[in-house]
Amino acid sequence: MSSVKKEVKRVTTHTLQKMKAAGEKISMLTAYDYSFARIIDGAGIDVLLVGDSASNVMAGHETTLPVTLDQMIYHASSVIRGIERCFVVVDLPFGSYQSNTEIALASAIRIMKETGAHAVKLEGGEEVIDSVKKIVSAGIPVMGHLGLMPQSIYKFGTYEVRAKEENEAGKLREDARLLEQAGCFALVLEKIPAELATSVSSSLSIPTIGIGAGNGCDGQVLVMHDMLGINTEFKPRFLRQYLNLAEQATGAVQQYILDVKSGNFPNEQEQY
Ligand code: KIV
């Protein structure tokens, strides 16, 4: 009997471009491991981001700064083994691209070669344009990231909404234009006023993906741990929590402990 292999139409940068042109919203979530990547890809997500938020939600650091390139490569290669259809973007971590364009390209090449991911993401505008050009010219798709940039938290001093004042909003508009011109295939807009995100989105031909940037972006991204309610202390206004997994997991573990202590687990069907 011959087995019929299911044909999977993979998401590419072209798919995302066509979605923007057709007005179809792009769904994006973060993932850091094989098992969740499998679930989220199987559910039909368009883009998975192996975010440097791994530093917070996987390693328990206060900021995204400590996560290393080697650690991002470990997370990304686990995610890649779990997916069939979605497009996978990997964050270049703090310190892996800011020094110069050669280092930025070398870091991006390591990610592409060692993980099998489809694109990299980096934070910043004008300051990183030469690196974006260098990476794109090597054939690697680059996603930009403007607005709240967690790798610059010690410069900003707070995780509050960015670009509320006209001078910062003007710089963001110009940075978005430069990133598009440098060859970025998409742009994350984090925690900026909805009106600004809407006007930036309509001024660009590449898709924008918002987080805390309102409904006028071409797509939305959330950190998986936040939307599944694994991380319940983090409750910003922009977050919609779809599940309380922390509560459900706690209940399941408490029941398991009771069953073990009472001798109820394992029963006859659960032994050999
Ligand atoms: O690292 C991350 O999870 C991100 C998203 C918040 C966009 O950059």
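How far is an oxygen atom of the ligand from an N or O atom in the side chain of S53? In this predicted model, the separation between these two atoms is 2.5 Å. Two further side chains place polar atoms beside ligand oxygen. For D52, a polar side-chain atom is found 2.9 Å from an oxygen atom of the ligand. For K121, an N or O atom of the side chain lies 3.0 Å from a ligand oxygen atom. The ligand in isolation exposes 260 Å², of which the protein buries 95%.

The site that holds the ligand is the largest pocket. Around the ligand are T30, L49, G51, D52, S53, D91, K121, H145, I211 and V223. Sorted by class, this shell comprises 3 nonpolar, 4 polar and 3 charged residues. D52, S53 and K121 thus appear both in the shell and in the polar approaches to the ligand described above, at 2.9 Å for D52, 2.5 Å for S53 and 3.0 Å for K121.

Two other members of the shell, T30 and H145, are located in strands. T30 belongs to strand β1, which covers residues 26-30. The relative accessible area of T30 is 2%, and T30 is therefore classed as buried, the cut-off being under 20%. The T30 side chain is also engaged within the protein, through a polar contact of 2.9 Å with the side chain of Y32. H145 lies in strand β5, formed by residues 142-147. With a relative accessible area of 4%, H145 is likewise buried, because this value falls under 20%. Its side chain makes a polar contact with the side chain of E190 at 2.9 Å.

The surroundings of K121 were examined through V132, a residue of helix α6 (residues 129-137). V132 has a relative accessible area of 0% and so counts as buried. Along the chain, V132 and K121 are 11 residues apart, and their C-alpha atoms are separated by 9.5 Å. K121 itself is part of the ligand shell.

Backbone geometry was considered next. The peptide bond joining F265 and P266 is cis, with omega about -5°. P266 is placed in the segment that comes after α11 (245-262).

Positive phi values occur at A163 and K191, neither of which is a glycine. At A163, phi is near 55°. This residue is situated in the loop connecting α7 (153-156) with α8 (166-182). A163 has a relative accessibility of 3% and therefore counts as buried, since that figure is under 20%. At K191, phi is about 50°. The loop containing K191 runs between β6 (186-190) and α9 (194-203). K191 is also assigned to the buried class, because its relative accessibility of 17% is under the 20% cut-off. Both loop residues thus combine a positive phi, near 55° for A163 and about 50° for K191, with a buried position, at 3% for A163 and 17% for K191.

Terms used:
Residues are numbered from 1 along each chain as its sequence is written. This is a predicted model: local features need pLDDT of at least 70, side-chain atom pairs count only at pLDDT 80 or more; totals for chains, interfaces and linings use all residues. Side-chain values use heavy atoms; hydrogens and water are left out. A residue is near a molecule or strand if one of its heavy atoms lies within 4 Å of it. A polar contact is a pair of N or O atoms within 3.5 Å; within protein, one must be able to donate a hydrogen and the other to accept it, and residues adjacent in sequence count only if both atoms are side-chain atoms. Accessible areas come from the Shrake-Rupley method with a 1.4 Å probe; for residues, only the protein chains shown count as cover. On a 1 Å grid over the protein atoms alone, a cavity is a set of points where a 1.4 Å probe fits but cannot get out, and a pocket is an open set with protein on both sides within 12 Å along at least five of seven lines; lining residues have an atom within 4 Å of a point. A molecule sits in a cavity or pocket if more than half of its atoms lie within 2 Å of its grid points. Ala, Val, Leu, Ile, Met, Phe, Trp, Tyr, Cys and Pro count as nonpolar, Asp, Glu, Lys and Arg as charged, and the others, Gly among them, as polar. Helices (H or I, at least four residues) and strands (E, at least two) are DSSP runs, numbered from the N terminus. Buried means under 20% relative accessible area, exposed over 50%, partly exposed in between (1.4 Å probe, protein chains only).
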